[in-house]
Amino acid sequence: MKKGMTLRRRQALLGISFIFPWLCGFVLLFAVPLLQSIRYSFSKLNILPGGGYELESVGLSNFRYAILTDATYNRLLTEAVLDMVINVPLILFFSLFCATLLNQKFRGRSVARALFFLPVILASGAIAQAELAGLINMTGSAQAAEELAESSALFDTLPFTSLLLDLNVPMVVVDYLIGAVNRIYEIITSSGVQILIFLAALQSIPSSMYEVARLEGATSYEIFWKITFPMVSPLILTNVIYTIIDSFTNSPVTETIYNTAFQSLDFGLSASMAWIYTLTVGLLLIGIGYVVSRRVFYYH
Amino acid sequence: MQVGKLQRFRPDENLLYRWKTKSLGYLWSFGRFILIAGISFVIIQPIIMKISMAIKDKQDILNRMIFIIPENFTLDNIRHAMDILNYFPSLTNTVLYSAIIMFLQAASCALAGYGFARFDFKGKNVLFALVILTILVPPQTLMVPMYLYFRNFDLFGILKLLTGKESINLINTYWPSIVLSATANGLKSGLYIYIFRQFFRGTPKEIEEAALIDGAGGFQTFFRIMLPNAIPPLVTVMLFAFVWQYNDTYFASLFMSQTNLLSIQIASLPANANVYISLMYEQMPDAKADPNHVAMIVDTGILLAIIPLIIMYLFVQRYFVESIERTGVIG
């Protein structure tokens, strides 16, 4: 650092030198590949025998193929989006519920906390893959394995369903509830980080607020909706985004993208599939972020 | 007894009210206990089932009377699974690899997070928005260019100048992940940068000003004063980085599909177990492996893979939960 620079300028240089490793990595390993991937998605990529490759421009045909011709891509993408639409509210509700539970004082709280965060440690794509493969092997068919995995909750929902239908609860709601019960394992295991974030938010609420509310004679129910909920609401947005990204990083769609590239060796098609996917996720994030952020209460 | 005592001092309606709140309180703690126990059970049930599978003998497979505790115990499953997974070499490899990645990521992300939190320079907000972008873009979008980049690795043609070779192939080495995490662009690095930035923004500025006046330079202040105070985010990030790298299949299958990493071994375990068990019936070359037996071996293998993580978690979970609360992920 030379003398004669103003403090401000020196600080700026220092700041840039702190983020320099990241900046290098970002340019070389994120921005450039990102642009290249756009280019690939519009071209056909031929690997040359020497190890290099050449591009052959094909216009929009990769995108057209992915959306219109490919047998499964379309269906997988819509399924992934629908799955997310069902799962995100459930995960949010469940994790906020768990966080409020774990924030209370009771005996064995530290054990309960340790257990609730165990899924964060154990969530692994490899294990899920191996388990599914094991089931396929056992039943002899992918379809049967999938059904078996779904029903492995071993909870008979049929009487429950007919009870609800007899009560004239609309079919859509019943479907949703039954789905939620059947997904309970999936939901519990994928809400670890969300519980952590909510728990941290709950603990940052000043206790004086609760004291005042108690003195004014508010009930616990009122306190939850008038203090706790607004105070954690900014974190709802964070959690929604985290959940969406998380649910999309390990989905059948990404598997298809991977297989298209490295098994059928169609790199261009894979890149265009990835871009369709990215755009879908991006649009969803923007839409949901916009809706949620308008309802969020910011304390500061 | 308690009630009798109260009766002497308080009017009747007050007593009734107290009694009501008290019993409601008990009811709630009972309900809460049931809820927490239920959820905990859902979480640990698969682990218990896997342990039970691992110590179960072959002849108990079809025994319907068994619930969790088998009739005939054996260590055969564990032995076979270790054999198929090539367990101890893979485990050492994976732990070493994850540890290296963990330190690199923690270091590079802490630097970046501090830079974003404390210094003002032109375009800072734009750059930070780009960090958020790296969180949001699914890594699959970059998969193909990244693969080709590391397959024909050549930094600005420098290597060509030095060695004369066209380029080097880094696929199936540990280098791609190391390069990525050293430059804070690895698995979920954006999230770690975010965590560090939030934490450093929350620390008081006076500490650094004091250090500056005492004559410490920027990097000295960071390494000797800020970093020792940043234990909570360090613990969080290091644990996440280690665990997620340990479990990761994306980078592993993209860059290192031929290496001896545990996650790759686990992903191909069912197929390998099938072959292994078929080979065990030497007398009958056409015999197919019993799927139930394969499932048993697969379960045992999965258990073997997660046990190191669980043991590690037992030791660090106390710090982990505490530090998440203090990290200020919430900003």
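**View 1. One salt bridge is the count between chain B and chain A.** Welcome to this predicted model, where the tour starts at the interface. The partners in the salt bridge are the side chains of B:Lys188 and A:Asp246, with N to O at 3.7 Å. Polar contacts add to the picture: seven residue pairs, both members at pLDDT 80 or more, are found across the interface of chain B and chain A. On the side of chain B that touches chain A, helix H16 of chain B (residues 291-327) supplies the largest share, with 15 residues. Sorted by character, this side of chain B holds 65 nonpolar residues, 16 polar ones and six charged ones.

**View 2. Chain B and chain A bury about 7,600 Å² between them.** Carbon and sulfur atoms carry 78% of that buried area. Counted by residue, 87 from chain B are in contact with 84 from chain A.

**View 3. Chain B is built with 16 helices and zero strands.** Its 331 residues include 48% that count as buried. How much of the contact in chain B with a separation of 6 or more comes from residues 24 or more positions apart? The share is 71%.

**View 4. Helix H8 of chain B packs against helices from both chains.** Do look at its buried residues, which are B:Pro176, B:Ser177, B:Ile178, B:Leu180 and B:Ser181. From chain A, their packing partner is helix H1 (7-41). From chain B, the partners are helix H4 (87-118), helix H6 (143-151) and helix H13 (250-255). Just after H8(B) comes B:Ala184, whose phi is positive at about 55°.

**View 5. B:Thr183 sits in the loop between helix H8 (175-182) and helix H9 (189-202) of chain B.** Is this loop residue buried or exposed? B:Thr183 counts as buried because its relative accessibility is 16%, and the cut-off for buried is under 20%. The side chain of B:Thr183 reaches back to the backbone oxygen of B:Leu180, at 3.2 Å. Follow its contacts next, leaving aside neighbours within four places in sequence: from chain A, B:Thr183 meets A:Pro21, A:Trp22, A:Gly25 and A:Leu29. From chain B, B:Ser108 is in contact with B:Thr183.

**View 6. B:Met226 is a buried residue of chain B.** Which helix holds B:Met226? It is helix H11 of chain B, residues 218-229. A relative accessible area of 1% is why B:Met226 is described as buried. Not counting residues up to four places away in sequence, B:Met226 touches B:Tyr114, B:Phe200, B:Thr203, B:Glu208 and B:Thr221. One of these, B:Glu208, is 18 residues from B:Met226 along the chain, and the C-alpha atoms of the two are separated by 8.0 Å.

**View 7. Helix H9 of chain A runs through residues 171-182.** Twelve residues make up this helix, and from its first C-alpha to its last it reaches 16 Å. That span is close to the 16 Å expected at 1.5 Å a residue. The buried residues to find in H9(A) are A:Val174, A:Ile178, A:Gly179 and A:Ala180. A reminder helps when reading such a pattern: an α-helix has 3.6 residues a turn, so residues three or four places apart point the same way. Packed against the buried residues of H9(A) are helix H3 (73-103), helix H8 (158-166) and helix H10 (184-189) of chain A.

Definitions and conventions. Residues numbered from 1 in each chain as written. Chains lettered and ligands numbered in written order. Predicted model: local features only at pLDDT ≥ 70, side-chain atom pairs only at ≥ 80, totals over all residues. Heavy atoms only, no water. Contact = heavy atoms within 4.5 Å. Buried area = accessible area lost by both parts, 1.4 Å probe. Salt bridge = Lys/Arg side-chain N within 4 Å of Asp/Glu carboxyl O. Polar contact = N/O pair within 3.5 Å; in protein donor to acceptor, adjacent residues only side chain to side chain. Helix = DSSP H or I, 4+ residues; strand = E, 2+ residues; numbered from the N terminus. Nonpolar A, V, L, I, M, F, W, Y, C, P; charged D, E, K, R; others polar. Expected span 1.5 Å × (residues − 1). Buried < 20%, exposed > 50% of the residue type's maximum accessible area, 1.4 Å probe, protein only.
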